[in-house]
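User: I am new to reading protein structures and would like a close look at one part of this one. Could you take me through a buried spot and then show me how the rest of the chain is arranged around that picture?

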Amino acid sequence: WYCYDNVYESYSHNIARGFTLDGNRTYHPALKAFILLNEPDLKVHPRSLTCRVLASAFDAVLQAEKDAGVVGNPIAFTSTFSFALFDGKPPG
């Protein structure tokens, strides 16, 4: 599970097309948080690679910010996890 390239390309487009102001230098003031990955525990198989996927995605976002020269007004990043049952047991 290596998602760096896909996330980097997508987030770079987001930066260039509305997430930022002032020539892509600062985040739009309405943008406070960004869900980096939605329910990776349901999408990443084997689940033991979930942390690696999160790290790869976050690394891509940080690099996209750096390459675009984004400064100041940082936003929060998060990842949402499900409450689904796996093999009849809750995640954990």
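Analyst: Let's start with a word we will need: a residue is called buried when its relative accessible area is under 20%, exposed when that value is over 50%, and partly exposed in between. Keep in mind that this is a predicted model.

Now to our spot, threonine 50. Threonine 50 has a relative accessible area of 9%, and because that is under the 20% cut-off, threonine 50 counts as buried. This residue belongs to helix α3. Leaving aside residues up to four places away in sequence, threonine 50 touches Pro40, Asp41, Val44 and Phe81.

Where does helix α3 fit in the whole chain? The protein chain has 3 helices and 4 strands, and reading along the sequence gives the pattern α-β-β-β-α-α-β. Helix α3 itself covers residues 50–68. The C-alpha trace of the chain spans about 50 × 25 × 15 Å along its principal axes.

Helix α3 also matters for the next part of the picture, the largest nonpolar core. That core holds 21 residues, and Tyr11 and Tyr27 touch the most other members. At least two residues of this core come from each of α1 (4–19), β3 (33–38) and α3 (50–68), with α3 giving the largest share, 6 residues. Take a moment to find tyrosine 27 in the structure. Beyond the residues up to four places away in sequence, tyrosine 27 touches Tyr11, Phe19, Thr20, Glu65, Val70, Asn73, Ile75 and Phe77.

The other two elements named for the core each offer a residue to compare with threonine 50. In helix α1 you will find glycine 18, which is partly exposed at a relative accessible area of 41%. Its C-alpha atom is separated by 17 Å from that of leucine 62, a residue 44 places further along the chain. In strand β3 sits asparagine 38, also partly exposed, with 41% relative accessibility. Asparagine 38 touches Lys43 and Thr80, again not counting residues up to four places away in sequence. The C-alpha atoms of asparagine 38 and phenylalanine 58 are 13 Å apart, with their positions 20 residues apart along the chain.

Next to threonine 50 in the numbering comes cysteine 51, so what about disulfides? A search of the whole structure finds 0 of them. Cysteine 3 is in no disulfide, and the nearest cysteine sulfur, in cysteine 51, is 13 Å away. A disulfide needs two cysteine sulfur atoms within 2.5 Å, so the 13 Å between the sulfurs of cysteine 51 and cysteine 3 is too far for a bond. The surroundings of these two cysteines can be put side by side: cysteine 3 is buried at 11% relative accessibility, whereas cysteine 51 is exposed at 61%.

Finally, let's step back to the whole chain. Of its 92 residues, 32% count as buried, and threonine 50 is buried too. Among contacts with a separation of 6 or more, 70% link residues 24 or more positions apart. The chain exposes about 5900 Å², and carbon and sulfur atoms supply 58% of that area. There are 8 positive and 9 negative side chains, and the centres of these two sets lie 3 Å apart.

Technical notes:
Residues numbered from 1 in each chain as written. Predicted model: local features only at pLDDT ≥ 70, side-chain atom pairs only at ≥ 80, totals over all residues. Heavy atoms only, no water. Buried < 20%, exposed > 50% of the residue type's maximum accessible area, 1.4 Å probe, protein only. Contact = heavy atoms within 4.5 Å. Areas by Shrake-Rupley, 256 points an atom, 1.4 Å probe, with all protein chains shown as cover. Lys, Arg positive; Asp, Glu negative; His and termini not counted. Charge placed at Lys NZ, Arg CZ, Asp CG, Glu CD. Core = buried A, V, L, I, M, F, W, Y, C linked by side-chain atoms within 4.5 Å.
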